[in-house]
Amino acid sequence: MAGVLVYIEQAGGNVAAISRELLGKGKELAAALGGPLNALVVGANPTGLAEQALNFGAATVYSVADSSLEAYTTDGYVAAAKAAVEAANPALILAGASFQMRDFGASLAADLDAGLAVDVVDLKVEGGAISATRPSHGGNVINSFSFVPDKPVVALVRKQSFAEAPDGASGGKIQSLSLPATTIRTKVQGVSAKSGAVNLTDAAVIVSGGRGLSDKDNYYKLIPPLAETLGGAYGASRAIVDAGWVPYEHQVGQTGKTVSPKLYVAAGVSGAIQHLAGMRTSRNIVAINKDPEAPIFRVATFGIVGDVNEVLPLLTEELQRRLGR
Amino acid sequence: MHIVVCLKQVPRDNSVKINPDLSINADGIEKIINLFDEYAIEEGLVWHEKHGGKLTVLSMGSDEWVEQIRRALAMGATDSLLLKDAAFAKLDTLAAAKVVAAAIQKLGDVDLVFCGRNSTDDESGAFAPALARTLGWAQATYVGKVLEVDPAAQQLSAERHLEGEIETVSASLPAVVSVIKDINSPRYPSLLKIKKVAKITPPVWSAADLGIGTITPVTTISNRVPPPPRPSGEMVDGPDAAAKVKKLVDKLLENQIV
C-alpha cells in the first residue's frame with residue numbers, strides 16, 4: 001500500500017470543487033505516504049473528466065467506463081472502485097461526504113475491510129500513520145481517528161476543508177480499467193431535480209427563521225427577501241418545520257442539514273442545542289432575538305436584542321440601500 | 001415477510017462530555033431511540049401491516065435500553081432482539097455492522113431491514129450501507145418514500161432524497177433501506193399497548209451466540225476534545241431598532257462579511 005487515490009466527482013461535466021480540494025490535499029498526503037497521487041473516474045464516458053483530473057495533478061487517472069455506469073449505483077461504482085484499488089493499492093482513498101459519497105464510501109470500506117472516517121475536516125500523515133479529524137455529536141466533540149496499519153483507509157471529506165489543487169499539471173497518464181462482472185441489484189429508474197431545491201450546504205449565506213417570527217406568513221414575508229438581498233438561501237429551525245411552516249428541506253440542525261456558511265443569520269431562533277449542532281461552525285453568525293438570554297447569542301458574532309418582525313424589514317432595507325441591490 | 005428495524009440508543013441532545021478514557025460521557029442526558037430510527041420503525045410497521053409476518057426490532061446495547069425496545073414493541077413490533085456483550089463496547093461502525101449482520105443471518109428469514117439515515121450522535125450514515133454490503137444485499141439509502149414492497153416478486157421501489165435531486169430506484173430483496181426524517185409520521189404507542197408489553201424482556205444474543213470471536217476494529221479513537229470556543233461575540237446596541245440595524249450593517253461591511 002502506498003499513496004492516495006481520489007474519487008473524482010463531476011459537477012456540470014467538470015471536476016467538482018470538492019475533488020479539486022482532495023487532489024490538493026492528496027498531493028501532500030501522498031508525498032508523506034511515499035507514494036503517488038492517483039485518481040479514479042467512473043461513468044459511461046468519463047474521458048473528459050479524466051483529462052481534467054490529470055490537469056489537477058493526478059499521476060495516474062484510472063478510468064472505468066461502462067454503459068452500465070451512466071448513473072451512480074452502489075454495486076456498479078463500488079465494483080469499479082475496487083478494480084482501481086487493486087490496480088493502485090492505495091493507503092488512503094479520498095472522496096467527498098455528500099449522501100451519495102457516504103453510500104459509496106461506507107460500502108467500499110465495508111468491502112475492503114478498510115478504516116473509515118466520514119465528515120473529515122482534517123487529515124495527517126505522521127511517521128507513515130494516517131489520522132483523520134472529524135466532528136461528531138453536533139460539533140460538540142472533535143474526534144481524532146487512527147487506523148490499523150495494514151488496511152487501507154477511506155476518508156470522506158467535508159467541503160471547504162482544504163485548498164483546491166492548482167491546474168496546469170502535466171506528465172500524468174490515463175489508465176483504462178474494465179468493470180468487473182457485477183450484478184446491479186439497486187437500479188436507478190429515474191432522477192428528477194427537487195422542486196425548489198435549496199442546496200443549503202453549498203450556500204455562502206443562510207438566513208434562518210424560528211418561532212420568534214410568530215407565524216408562517218411572517219416567515220415568508222421576512223426571511224426570503226433578506227436571503228435574496230444577501231444572495232443566500234433560507235433555512236429554518238426544527239420547531240417551525242415540525243409546525244408545518246416550512247418544508248423539511250430547509251431545516252438546519254441535528255435532524256436536518258449541517259451548514260457552515262460565511263454568514264448565518266438566525267432570526268427569531270432561540271438556539272436550542274439541536275439547532276446549534278447544525279450551524280455552530282458558520283464563520284460569522286448574526287443573531288436577532290427578543291430574549292437577551294437566548295442561547296443563540298452565545299455563538300453569535302453579532303447580536304441584536306429585538307423583535308425580529310421589526311428588525312428584519314429594517315435590516316433588509318438597509319442592506320439593499322448600502323449594497324445597491 | 002420478516003422485516004427487521006435496527007435501533008440505536010442515543011442521548012436526547014448532544015451536550016455530552018468526554019471521559020478521561022475518551023469515551024463519551026452522556027450522564028444526566030435522557031437516552032432515547034435515535035430520531036431517524038423512529039421513522040424506520042414506522043416505515044417497518046406500514047409494510048408489516050400490509051404484508052403480515054414478523055417485525056423484529058433489533059438493537060445493540062445494555063439492559064437500560066430495554067425500556068426503549070418496549071416502546072418499539074408498543075408501537076407494533078412483534079419481536080425484539082438485544083445484542084449484548086462486553087466485546088461490543090468499543091466497536092467502530094463497520095464492526096458494529098458485522099455483528100448486526102451476523103444476527104440477521106442467524107434470524108435466517110429476513111427480507112427487509114430498515115435503519116435511520118444516521119444516528120444523531122455519531123452522524124456518519126455508514127451503518128446501513130456497511131450492513132448491506134456485509135450481508136451481500138441490495139441497499140437504498142436516504143429513502144424519503146418507499147413506493148412499493150412486493151414480497152412475491154422480491155422487489156421494492158423507493159425514492160432516494162439526495163441533496164439536490166430525487167432518485168427513483170428499484171431493488172431486489174433482501175435489502176437494507178435507510179430512511180430520512182420526512183418519510184412518515186411515527187405513531188405514538190397507546191397506553192394499553194405500553195401496559196401490554198411492560199413485562200416483555202427481549203431475548204439477548206452474545207458474541208458467542210453469534211459465533212463471533214475477537215473483534216479488532218480497523219478504526220479507533222486516538223483523541224477526543226471539545227471544539228475550540230467561538231470568539232466571544234458583540235451585542236449591537238442602540239436607542240432603537242433602526243439604530244441597531246444601521247450599526248450592524250456598518251460592522252458587516254467593515255468586516256467584509258457582506
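## Strand pairing and the A–B interface in a predicted two-chain model

In chain B, strand 7 (residues 79–83) and strand 13 run parallel and are joined by 2 bridges. B:Leu82 of this pairing stands opposite B:Val204 in strand 13 of chain B. The model is predicted.

**The mixed sheet**

Where does this pair sit? Strands 7 and 13 of chain B stand at one end of an open sheet of 10 strands, ordered 13(A)-11(B)-10(B)-9(B)-12(B)-8(B)-1(B)-6(B)-7(B)-13(B). Its pairing is mixed. Two strands pair on one side only: strand 13 (186–193) of chain A and strand 13 (204–205) of chain B. These are the edges of the sheet.

Helix 3 (residues 93–107) of chain B packs on this sheet. The helix touches strand 1 (2–7), strand 6 (54–60), strand 7, strand 8 (112–116) and strand 13 of chain B. Its direction makes about 150° with that of strand 6 of chain B.

One cis peptide bond belongs to chain B: the bond from B:Leu173 to B:Pro174, with omega near 0°. B:Pro174 lies in the loop between strand 11 (165–172) and strand 12 (175–179) of chain B. Strands 11 and 12 of chain B both appear in the order of the mixed sheet.

**The antiparallel sheet**

A sheet of 4 strands also draws on both chains, in the order 8(A)-9(A)-10(A)-14(B). This sheet is open, and its pairing is antiparallel. Strand 8 (122–126) of chain A and strand 14 (219–225) of chain B form its edges. Neighbouring strands are turned by 25° against each other on average, direction ignored. Inside the sheet, 6 bridges join strand 9 (residues 129–136) to strand 10 (residues 141–147) of chain A. A:Thr133 has A:Ser144 of strand 10 as its bridge partner.

**Strand pairs compared**

A further pair crosses between the chains: strand 18 of chain A with strand 15 of chain B. There, A:Phe302 stands opposite B:Glu234. Strands of a sheet pair through backbone hydrogen bonds, either parallel or antiparallel.

| Strand pair | Bridges | Direction |
|---|---|---|
| Strand 7 (residues 79–83) of chain B and strand 13 of chain B | 2 bridges | parallel |
| Strand 18 (residues 302–305) of chain A and strand 15 (residues 234–235) of chain B | 2 bridges | parallel |
| Strand 9 (residues 129–136) of chain A and strand 10 (residues 141–147) of chain A | 6 bridges | antiparallel |

**The interface**

How many residues of each chain take part in the contact? Chain A gives 84 residues and chain B gives 74. The area buried between the two chains is about 7100 Å². Carbon and sulfur atoms give 56% of that area. A:Phe99, A:His137 and A:Phe302 supply 11% of the area that chain A buries against chain B, more than any other three residues. A:Phe302 is also the residue that stands opposite B:Glu234.

Polar links cross the interface as well. There are 46 residue pairs in polar contact between chain A and chain B. On the side of chain A that touches chain B, helix 4 (residues 99–112) has the largest share, with 9 residues. By class, that side has 35 nonpolar, 28 polar and 21 charged residues.

**Salt bridges**

Side chains of opposite charge can pair when their charged atoms come close. The structure holds 31 salt bridges over all chains. Across the interface of chain A and chain B, the rule finds 7. One of the cross-chain bridges joins B:Arg133 to A:Asp111, with the closest N and O atoms 2.7 Å apart.

Within chain A, A:Arg20 and A:Glu164 meet in a salt bridge at 2.8 Å, N to O. The two residues are 144 residues apart in the chain. A:Arg20 is in helix 1 (residues 17–32). A:Glu164 is in the loop between strand 11 (153–157) and strand 12 (173–177) of chain A.

**A backbone detail**

A:Asp113 has a positive phi, near 55°, in a residue other than glycine. A:Asp113 lies in the loop between helix 4 and strand 7 (115–120) of chain A.

Note on methods
Residues are numbered from 1 along each chain as its sequence is written. Chains are lettered from A and ligands numbered from 1 in the order in which they are written. This is a predicted model: local features need pLDDT of at least 70, side-chain atom pairs count only at pLDDT 80 or more; totals for chains, interfaces and linings use all residues. Side-chain values use heavy atoms; hydrogens and water are left out. Contact means heavy atoms within 4.5 Å. Buried area is the accessible area (1.4 Å probe) that two parts lose on being put together, summed over both. A salt bridge is a side-chain nitrogen of Lys or Arg within 4 Å of a carboxyl oxygen of Asp or Glu. A polar contact is a pair of N or O atoms within 3.5 Å; within protein, one must be able to donate a hydrogen and the other to accept it, and residues adjacent in sequence count only if both atoms are side-chain atoms. Ala, Val, Leu, Ile, Met, Phe, Trp, Tyr, Cys and Pro count as nonpolar, Asp, Glu, Lys and Arg as charged, and the others, Gly among them, as polar. Two strands pair if DSSP finds at least two bridges between them. Axes are lines fitted to C-alpha atoms, for helices over the stretch in contact, and angles run from 0 to 180 degrees between N-to-C directions.
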